[in-house]
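Q: Please take a close look at one part of this model, and give the cut-offs behind each term as you go.

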Amino acid sequence: MRCCFLNAQHGLIAFEDLFRGTLTQTSVYPREVLRRALRYNAAAVVLAHNHPSGMVEPSRADLALTAALKDALAFIDVRVLDHVVVAGSRTVSMAERGLVRTRPGRCAPHFLRLRRCSCLLYTSDAADEGL
């Protein structure tokens, strides 16, 4: 799983590869995401992970993880703007699907640009590293 840490204006502070897994699963620890968000003094995050299976649809586990991270980060006033699933060259934005609620009136281009960034990083090195 990769994470974009953003400031209050949704500018990119840092982009980190936080967790790696096997072909079928990855262990994600919300505590580590919170620790990094505090380290960067982030106001928001955009999450991204890949599905090596090629199935781009978010799984139930993906939805549960997103909800858990959103709840945990809310305690330290960090918003989850999006969680992007990448499968090959295809992507699904949970925010665009209404699965991650963002504040009304927020402008999508900020995190759409970050989504493209995270997708490019996944698709460019997925073949090399077996992500």
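A: Two strands are said to pair if DSSP finds at least two bridges between them, and strands (E, at least two residues) and helices (H or I, at least four) are DSSP runs numbered from the N terminus. This is a predicted model, in which local features need pLDDT of at least 70 and side-chain atom pairs count only at pLDDT 80 or more, while totals for chains, interfaces and linings use all residues. Residues are numbered from 1 along each chain as its sequence is written, and side-chain values use heavy atoms, with hydrogens and water left out.

The part to look at is the sheet, together with its surroundings. It is an open sheet of five strands in the order β2-β1-β3-β4-β5, and its pairing is mixed. At the edges are β2 (12–17) and β5 (90–93), each of which pairs on one side only. From one strand to the next the twist averages 15°. At the β5 edge, strand β4 (residues 79–87) pairs with β5 in the antiparallel sense over four bridges, and V85 has V92 of β5 as its bridge partner.

Two helices lie across these strands; their angles are taken between N-to-C directions, from 0 to 180 degrees, with axes fitted to C-alpha atoms, for helices over the stretch in contact. Contact here means heavy atoms within 4.5 Å. Helix α1 (residues 30–40) lies across β1 (2–6) and β2, and runs at about 150° to β2. Helix α2 (residues 60–74) lies across β3 (44–50) and β4, and its direction is about 155° to that of β4.

Helix α1 and strand β2 are also joined through side chains, by salt bridges (a side-chain nitrogen of Lys or Arg within 4 Å of a carboxyl oxygen of Asp or Glu). The structure holds five of them. In one, E16 is paired with R36, with the closest N and O atoms 3.0 Å apart; E16 belongs to strand β2 and R36 to helix α1, so that the pair links distant parts of the chain, 20 residues apart. E16 also meets R39 in a salt bridge, at 3.8 Å from N to O, and because R39 lies in helix α1 and E16 in strand β2, this pair ties together parts that are 23 residues apart in sequence. The two partners sit in contrasting surroundings on the accessibility scale (buried under 20% relative accessible area, exposed over 50%, partly exposed in between; 1.4 Å probe, protein chains only). E16 is buried at 13%, whereas R39 is exposed at 59%.

Within α1, R36 forms a salt bridge with E32, the closest N and O atoms being 3.7 Å apart; because these two residues are four apart in the helix, about one helical turn separates them. E32 is partly exposed, with a relative accessible area of 23%. Taken together, E16, E32, R35, R36 and R39 are linked in a network of salt bridges.

On strand β4, where α2 lies across the sheet, the residue to follow is H83, which has its place in that strand. H83 counts as buried because its relative accessibility is 0%. Its side chain makes polar contacts (N or O atoms within 3.5 Å, one able to donate a hydrogen and the other to accept it within protein, and residues adjacent in sequence counted only if both atoms are side-chain atoms). One such contact is with the side chain of H49, at 2.7 Å, and another is with the side chain of T66, at 2.6 Å. Leaving aside residues up to four places away in sequence, H83 also touches others, among them M1, D62, L65, V92 and V100.

Finally, there is the nonpolar core, meaning a set of buried Ala, Val, Leu, Ile, Met, Phe, Trp, Tyr and Cys residues joined through side-chain atoms within 4.5 Å. The largest has 22 residues, and F5, V45, L47 and L73 have the most contacts inside it. The elements giving two or more residues to this core are β1, α1, β3, α2 and β4, and the largest share, four residues, comes from α2. Not counting residues up to four places away in sequence, V45 touches C3, C4, F5, L73, V78, R79, V80, L81 and D82. A second, separate core of five residues includes C4, L6, V46 and L81.
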